[in-house]
Amino acid sequence: MKKISVYLLLFLLTNICVAQSGVIGKWNTIDDVTGKVVSVVEIFEHNNKIYGKVQEIFNPKTRNRVCENCPGEDKNKTILGLTILKGLEKEGDSYCNGKILDPKTGKLYKCSIALEGKDKLKVHGYIGIPLFGRTQYWERIKH
């Protein structure tokens, strides 16, 4: 009986660790037009919700830009360090019911994210219903 309990405990701990590492981590954001890496966003969990913060911007000309058109407390904050994924909740294999901030325009969109393979993240921002939106694919940074 002890042996079964130990195996069950190890199984549960392994599954918790794997589930926790799903979308959590650092991701390269990719420019839709050029296909080049634009920035690094670190996705993290806080109070059972998912958030993402800009950790690095590769273009030295835009590295110190501020979000002039951002709403509320994000207005005039530097984009580097800005939280752009906000309050996503786990729903099945994806995370939704949150928002994504476009720092170029300052607009907030509804958002959902989902893994498409271990190292590819589908990020979908939209207005109203998911049909009216745009999808980007981010690549996990491997250490």
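1. Nonpolar surface patch. In this predicted model, Ile129, Leu131 and Phe132 together form a nonpolar patch on the surface, with an area of about 360 Å².

2. Phenylalanine 132. One member of that patch, Phe132, lies in the loop that links β7 (120-126) to β8 (133-140). Phenylalanine 132 has a relative accessible area of 55% and is therefore classed as exposed, since the class begins over 50%.

3. Barrel architecture. The strands on either side of this loop, β7 and β8, belong to a closed barrel of 8 strands. The order around the barrel is β1-β2-β3-β4-β5-β6-β7-β8, and the pairing is antiparallel. On average, neighbouring strands of this sheet are turned by 30° against each other, with direction ignored.

4. Pairing of β7 with β8. These two strands run antiparallel and are joined by 7 bridges. Within this part of the structure, tyrosine 126 stands opposite glycine 133, a residue of β8. Tyrosine 126 carries the last number in the range given for β7 (120-126), and glycine 133 carries the number with which the range of β8 (133-140) begins.

5. Histidine 124. This residue is placed in strand β7. Its relative accessible area is 12%, so histidine 124 counts as buried, the limit for that class being under 20%. Phenylalanine 132, by contrast, is exposed at 55%.

6. Polar contact of histidine 124. Which backbone atom does the side chain of histidine 124 reach? The partner is the backbone oxygen of arginine 134, at 3.4 Å. The cut-off for a polar contact is within 3.5 Å.

Terms used: Residues numbered from 1 in each chain as written. Predicted model: local features only at pLDDT ≥ 70, side-chain atom pairs only at ≥ 80, totals over all residues. Heavy atoms only, no water. Patch = residues over 30% accessible without salt bridge, like charges linked within 9 Å, V, L, I, M, F, W, Y side chains within 5 Å. Areas by Shrake-Rupley, 256 points an atom, 1.4 Å probe, with all protein chains shown as cover. Salt bridge = Lys/Arg side-chain N within 4 Å of Asp/Glu carboxyl O. Helix = DSSP H or I, 4+ residues; strand = E, 2+ residues; numbered from the N terminus. Buried < 20%, exposed > 50% of the residue type's maximum accessible area, 1.4 Å probe, protein only. Pairing = 2+ DSSP bridges. Axes fitted to C-alpha atoms, helices over the stretch in contact; angles between N-to-C directions. Polar contact = N/O pair within 3.5 Å; in protein donor to acceptor, adjacent residues only side chain to side chain.
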